[in-house]
Amino acid sequence: MMNLLAPSILAADFSRLGEQIQTAAQAGADYIHIDVMDGMFVPSISFGMPLISSIRKVTDKKFDVHLMVEEPGRYVEEFARCGADMITVHAEACRHLDRVLHQIHDQGLKAAVAINPATPVSMLECVLDEVDMVLIMTVNPGFGGQKFIESTLCKIRQLRNMAQARGKTLDIQVDGGINEETLPRVLEAGANVIVAGSAVFKGDIVANVRKLKNVMETVTCGH
Ligand code: DX5
Ligand code: ZN
């Protein structure tokens with residue numbers, strides 16, 4: 001399975017957003033991770049559709065839209081229109097999760113489900129066959145720059161085992177507190193799609209992307 005890097009633009013300098021996305025893309029980013037926060041599901045508010053439409057013009061990279069939004073099913077069609085390639089919804093935010101995943105697929109997009117650090121992997125059993133990717137949150141969602149939560153490593157392993165037991169090739173994404181120290185550990189546990197905000201956009205973007213990609217090429221998944 002391919003290891004992919006998805007820089008989170010939440011940590012970028014918004015006054016130079018287009019330019020910084022292009023820099024990350026040219027340095028080797030695979031996806032662009034876009035964190036949408038509604039001030040309800042998570043305490044903070046980030047940005048929404050107009051911003052996504054604008055940055056759609058600056059790169060061909062796949063837009064990985066992470067909706068930290070209550071009842072995200074209300075907005076799936078709109079996010080599809082403004083340029084999302086894949087949409088991640090939180091299991092905790094959907095009353096009818098199965099329906100929302102179908103809504104995303106009906107738009108021709110990849111569908112993913114995210115779980116918070118306190119939500120068990122068993123929660124995914126009934127929807128695993130409906131998703132292209134699972135996002136194991138490695139911090140409590142809502143802000144960039146937080147510390148990695150250690151107990152999530154065990155959940156990555158559990159999920160990789162659950163997928164393997166079903167013979168399913170599943171992308172497992174991690175998001176929050178990923179840096180040069182935590183990256184090898186999540187890869188070994190079985191994650192292969194890596195979100196990084198601060199570790200990409202704080203400092204030298206090109207050097208940061210190369211460093212992370214280098215780790216991703218050398219560490220192989222423990223499974
Ligand atoms: C957390 C967001 C993350 C965040 C990651 O709520 O979903 O994508 O921007 O930021 P870092 O990598 O700085 O922890
Ligand atoms: Zn995110």
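The following legends describe close-up views of a predicted model.

**View 1. Coordination of the zinc ion (ligand 2) in the predicted model.** His 33 (NE2), Asp 35 (OD), His 66 (ND1) and Asp 175 (OD) coordinate the zinc ion (ligand 2) at 2.0 to 2.3 Å. The arrangement is octahedral because the six donor atoms around the zinc ion (ligand 2) subtend angles of 66 to 168°. Along the sequence, the donor residues follow the spacing H-x1-D-x30-H-x108-D. Both His 33 and Asp 35 are buried.

**View 2. Surroundings of ligand 1.** Around ligand 1 there are 19 residues, of which Asp 35, Gly 142, Asp 175, Gly 197 and Ser 198 come nearest. Two of these nearest residues, Asp 35 and Asp 175, also coordinate the zinc ion (ligand 2).

**View 3. Polar contacts of ligand 1 with Gly 142, Gly 177 and Ser 198.** A polar backbone atom of Gly 142 is 2.7 Å from an oxygen atom of ligand 1. For Gly 177, a backbone N or O atom lies 2.8 Å from an oxygen atom of ligand 1. Ser 198 contributes through its side chain, an N or O atom of which is 2.4 Å from an oxygen atom of ligand 1.

**View 4. The largest nonpolar core and the contacts of Ile 34.** The largest nonpolar core comprises 69 residues, and the members touching the most other members are Ile 34, Phe 79, Val 186 and Ile 194. Beyond its neighbours within four places in sequence, Ile 34 is in contact with Ile 9, Phe 47, Ile 52, Ile 55, Phe 63, Asp 64, Val 65 and His 66. One of these partners, His 66, is also a ligand of the zinc ion (ligand 2) through ND1. Another core, of eight residues, lies apart from the largest one and includes Ala 6, Met 86, Ala 112 and Val 195. In soluble globular proteins, nonpolar side chains tend to be buried together.

**View 5. Cysteine residues and the absence of disulfides.** The structure contains zero disulfides. Cys 94 takes part in no disulfide, and the nearest cysteine sulfur, that of Cys 126, is 15 Å away. With a relative accessibility of 9%, Cys 94 counts as buried. Cys 154, by contrast, has a relative accessible area of 37% and is therefore partly exposed.

Key. Residues are numbered from 1 along each chain as its sequence is written. Chains are lettered from A and ligands numbered from 1 in the order in which they are written. This is a predicted model: local features need pLDDT of at least 70, side-chain atom pairs count only at pLDDT 80 or more; totals for chains, interfaces and linings use all residues. Side-chain values use heavy atoms; hydrogens and water are left out. A nonpolar core is a set of buried Ala, Val, Leu, Ile, Met, Phe, Trp, Tyr and Cys residues joined through side-chain atoms within 4.5 Å. Buried means under 20% relative accessible area, exposed over 50%, partly exposed in between (1.4 Å probe, protein chains only). Contact means heavy atoms within 4.5 Å. A disulfide is a pair of cysteine sulfur atoms within 2.5 Å. Donors are N, O and S atoms within 2.8 Å of the metal (3.2 Å for Na, K and Ca); water is not among the atoms, so sites may look incomplete. Four donors count as tetrahedral if all angles lie between 85 and 135 degrees; four count as square planar and six as octahedral if opposite donors are over 155 degrees apart and all others between 65 and 115; anything else is irregular. A residue is near a molecule or strand if one of its heavy atoms lies within 4 Å of it. A polar contact is a pair of N or O atoms within 3.5 Å; within protein, one must be able to donate a hydrogen and the other to accept it, and residues adjacent in sequence count only if both atoms are side-chain atoms.
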